[in-house]
Amino acid sequence: MPLGDRLRELRRGAGLTMEQLSESAGVSVRAISDMERGHIRAPQPRTLAALAEALRVTGAERARLEEDARALRMHTAGERPRLCEPPRPVADFVGRAAELDLVRQAATAGTRTDPVPVVVVHGQPGIGKTAFAVRVTEMLREQFPDGCLYVDLRGVDEDPPTAGEAATKLLKALEVNPRRIGSTDDERCSQLRATLRDRRCLLVLDNAADEAQVRPLLPGAGAGLVVVTSRRLLGGLEGVLRTALAPLDLAESAALLRAIAGQAGDPASAGDVDAVSRLCGHLPLALRIAGTRLANRPGWTVGTLVARLADADRRLANLHTGDTGVAAAFALSHAQLSGEGRALFRRLAHVPGADFAAPLAAVLTGSDPDDASDRLDELVELGLLQHEGSDRYRFHDLIRLFATERLRAEEPAGSRAATRTRMVRWLLETTIVAGRWFEPGYGALPDGWSGSVPLATLEEAGGWLQAEAANWLGALRLVTEDHLVVDVAEALHWFSDTMVTWPGWYEVYGRSRDAAARLPDRQLAVVHLNYFSWAATACVRRLDEGLRAALDARRLAVQIGDIKEEAWALQYAAMAWRFSDRFEEALEAYRQAQRLADRVGDHDGYIQLFQGVGLTLLALGRHAEALAEFRSTLREVSVRPVSPRPALNATLVARTSAAQALVEMGRWEEAVAEADLAMPFAVAYGEPGALGNVHLALGMARAGMGAATEARNDLKRALVLFQSVAEDRVSRKVRSALAALNS
């Protein structure tokens with residue numbers, strides 16, 4: 001008796017309808033019907049096992065069913081190849097736990113009457129989308145007894161297959177009689193959807209070109225699952241789950257590299273393995289190629305690979321083996337760009353920093369920012385650019401190298417130089433305009449300024465300067481005109497107080513110091529020596545270097561008779577001495593500088609010096625005297641013509657430091673009141689470390705009052721703020737206070 005007839009006889013003998021058997025076995029009604037009618041001649045073992053369990057078939061009868069099915073499968077396999085089988089899985093798959101869990105949940109979320117779940121897996125070239133999809137088929141194969149079907153939609157080909165052509169392959173794989181397959185694309189896609197409605201299948205549509213290719217293939221209601229992979233986001237597909245694959249983390253990258261290249265498992269090579277992982281940008285394709293090259297070259301060590309990949313100009317060439325290469329993967333997406341998209345892609349290689357916004361892209365192409373945004377979206381859609389936050393974009397490191405190659409190949413040197421100059425000028429001119437918002441003598445946009453960046457407020461100016469810091473610093477490195485270097489550094493002087501812990505100031509003011517020294521204006525040389533002293537001392541804690549610069553600035557100021565700059569030089573020398581715990585020398589220098597600043601009417605500088613005196617007294621344990629200095633600061637700010645930004649800074653530091661002094665004196669309630677008064681000034685000032693100091697004072701005061709819960713909340717907030725600006729010294733103090741509370 002044919003297998004289908006025997007199954008029908010067993011079902012009827014059990015008193016079950018097809019619907020009842022389907023519900024009990026988890027096999028679709030359509031599949032049961034096709035088996036009984038002989039349209040599915042050789043069911044899969046897991047399908048037959050599920051039916052036998054539901055029909056309560058045991059012993060010899062079950063063995064006979066399995067033997068007949070096995071014979072039919074062997075006969076069928078001899079007649080024709082199986083179609084749409086997933087590719088061979090990789091044995092060394094790592095990571096992606098969260099993404100796999102998302103797919104697993106989608107596979108079990110719906111019912112037969114719900115729309116079939118569709119998961120779109122997208123990401124840049126080489127990120128491992130196909131390996132991920134194949135991993136899904138291995139992970140979920142038992143949940144889909146009617147089969148796991150795979151079709152490569154060849155979305156990066158010049159002429160990818162139509163939806164109808166893909167549907168034809170899938171219908172044949174589902175054992176639909178070729179004579180019954182429709183003659184048009186629409187008919188075939190409709191047949192496919194109807195067939196999948198009644199089967200519990202996992203369908204993988206790999207490497208999709210666009211929504212139009214995928215949409216007709218998606219089933220409606222049913223118990224299946226569809227996984228679509230694409231370099232594109234496929235944002236036009238409605239009602240789907242999306243998950244973006246990111247580069248692996250360091251541990252996952254190292255694990256993959258070690259799995260491919262056995263010698264990478266040597267513990268002595270751990271540092272080199274991490275270096276290779278970073279040089280590969282944690283991109284799975286690059287790591288596989290690197291590992292394969294290492295495995296195939298017994299004479300190489302991991303260090304050999306590091307040395308080869310360290311050459312940025314040769315890195316992509318070294319990430320190539322056999323018929324596989326990272327650059328080749330990128331080139332497939334690059335070929336799909338419009339002409340404007342290709343121009344923007346290669347010119348983005350000029351960007352100095354790691355990320356950027358649309359206005360800078362517009363400068364590179366000489367286009368409108370809105371047009372540039374459209375082209376950026378095109379790059380994101382093809383996986384050649386990463387969109388971060390609301391308006392920032394970033395290259396993967398290896399794709400940046402590919403863009404640099406395209407720039408050199410497609411544009412002559414003169415054109416590249418002109419584009420770079422235009423970018424540098426725009427970045428630095430915008431930096432000067434934004435920085436002058438913070439300068440006492442400016443504090444507004446210049447008349448008639450109509451730049452492409454919104455800088456209508458101090459907050460907008462500060463936000464742009466922070467976001468673009470790596471780019472305008474990179475532009476500053478490319479400038480050869482000393483006057484421009486000095487102008488940029490001068491414009492950033494007061495803004496720099498909002499990013500005190502940024503180490504870039506050491507380079508900014510090191511460059512401006514050298515540039516000013518080459519100019520004939522000796523007063524400029526003093527000013528920028530002072531700025532450099534501040535950066536060396538306050539930003540990177542190079543205290544000896546900062547002190548030498550301050551003392552050199554003082555000598556030069558005395559020579560030219562510049563009392564104001566002499567006072568600033570003494571202030572910076574005092575800061576270096578205070579940070580070195582040479583408090584008595586610091587105190588004397590602060591007081592001398594204060595007398596000089598008062599003498600020449602430098603009210604902005606005079607006010608700052610109260611802070612230095614008070615903080616030094618605080619460090620000496622002379623808390624009452626320190627508190628008096630901070631009170632004097634507030635009084636002097638109210639009666640002297642201090643510029644708005646310096647006044648805000650002085651008031652904030654005085655209030656916060658007064659709270660700290662009161663904490664040291666055990667006057668907890670007064671300390672809380674003072675810190676509460678400091679809070680709005682810290683918020684207005686906009687520097688995380690300043691706000692962290694307010695929360696630190698509040699936490700210490702509340703701990704002294706016995707309000708442990710409130711104290712702990714303030715100290716935790718302070719810790720987050722200090723960590724955000726890499727202020728490790730103060731972070732240790734906060735951790736110590738938290739530990740004391742917890743004990």
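**View 1. Three strands form an open sheet in this predicted model.** The strand order is β8-β10-β9. Pairing here is antiparallel. Two strands sit at the edges: β8, residues 355–356, and β9, residues 386–388. Each of these edge strands pairs on one side only. Look at how β8 meets strand β10, which covers residues 392–394. Two bridges join β8 and β10 in the antiparallel sense. Which residue of β10 is the bridge partner of F356? The partner is Y393. Strands of a sheet pair through backbone hydrogen bonds, and the pairing can be parallel or antiparallel.

**View 2. Five strands make an open sheet with parallel pairing.** Read the strands in the order β2-β3-β4-β1-β5. β2 (148–152) and β5 (241–244) stand at the edges. Each has a single partner strand, so one side of each is left without a neighbour in the sheet. From one strand to the next, the twist averages 15°.

**View 3. β2 pairs with strand β3, and helix α8 packs on the sheet.** Strand β3 spans residues 202–206. Five bridges link β2 and β3 in the parallel sense. One of the residues to find is C148, whose bridge partner in β3 is L202. Helix α8, residues 163–173, touches β2 and β3. The direction of α8 makes about 155° with that of β2.

**View 4. Helix α6 lies across three strands.** These are β1 (118–122), β4 (225–230) and β5. How does α6 run relative to β5? The angle between α6 and β5 is about 165°. Now find R96, in the loop between α5 (59–79) and α6 (97–109). The phi angle of R96 is near 65°, a positive value in a residue other than glycine. Is R96 buried or exposed? R96 has a relative accessible area of 9%, so R96 is buried.

**View 5. S277 sits in helix α12.** The helix covers residues 270–279. S277 has 0% relative accessibility, so S277 counts as buried. Which residues does S277 contact, leaving aside its neighbours within four places in sequence? They are L250, S253, A254, H282 and L287.

**View 6. Helices α25 and α26 pack with their axes 8 Å apart.** Helix α25 holds residues 504–518, and helix α26 holds residues 522–539. The angle between α25 and α26 is about 160°. That angle is why α25 is roughly antiparallel to α26. The crossing of α25 past α26 is left-handed. On the α25 side, the contact includes W505, Y506, Y509 and R513. On the α26 side, look for H528, F532, W534 and C539, among others. By class, the residues of this contact divide into 14 nonpolar, three polar and one charged.

**View 7. D581 lies in the loop between α28 and α29.** Helix α28 covers 563–579, and helix α29 covers 583–599. Phi of D581 is near 65°. That is a positive value, in a residue other than glycine. Is D581 buried or exposed? With a relative accessible area of 54%, D581 is exposed.

**View 8. The axes of helices α30 and α31 come within 8 Å.** Residues 603–619 form α30, and residues 623–639 form α31. The two axes cross at roughly 165°. That makes α30 roughly antiparallel to α31. α30 passes α31 in a left-handed crossing. From α30, the contact includes Y606, I607, F610 and L617. From α31, the contact includes A626, E629, F630 and V637. Sorted by class, this contact has ten nonpolar, five polar and three charged residues.

**View 9. R622 sits in the loop between α30 and α31.** How accessible is R622? R622 has 30% relative accessibility, so R622 counts as partly exposed. Leaving aside neighbours within four places in sequence, R622 contacts E584, L587 and L617. Then locate A661. R622 and A661 are 39 residues apart in sequence. In space, they are 9.0 Å apart, C-alpha to C-alpha.

Definitions and conventions. Residues are numbered from 1 along each chain as its sequence is written. This is a predicted model: local features need pLDDT of at least 70, side-chain atom pairs count only at pLDDT 80 or more; totals for chains, interfaces and linings use all residues. Side-chain values use heavy atoms; hydrogens and water are left out. Axes are lines fitted to C-alpha atoms, for helices over the stretch in contact, and angles run from 0 to 180 degrees between N-to-C directions. Helices (H or I, at least four residues) and strands (E, at least two) are DSSP runs, numbered from the N terminus. Angles under 35 degrees count as roughly parallel, over 145 as roughly antiparallel, 65 to 115 as roughly perpendicular and the rest as oblique. A crossing is left-handed if the near helix is turned anticlockwise from the far one by less than a right angle, and right-handed if clockwise. Contact means heavy atoms within 4.5 Å. Ala, Val, Leu, Ile, Met, Phe, Trp, Tyr, Cys and Pro count as nonpolar, Asp, Glu, Lys and Arg as charged, and the others, Gly among them, as polar. Two strands pair if DSSP finds at least two bridges between them. Buried means under 20% relative accessible area, exposed over 50%, partly exposed in between (1.4 Å probe, protein chains only).
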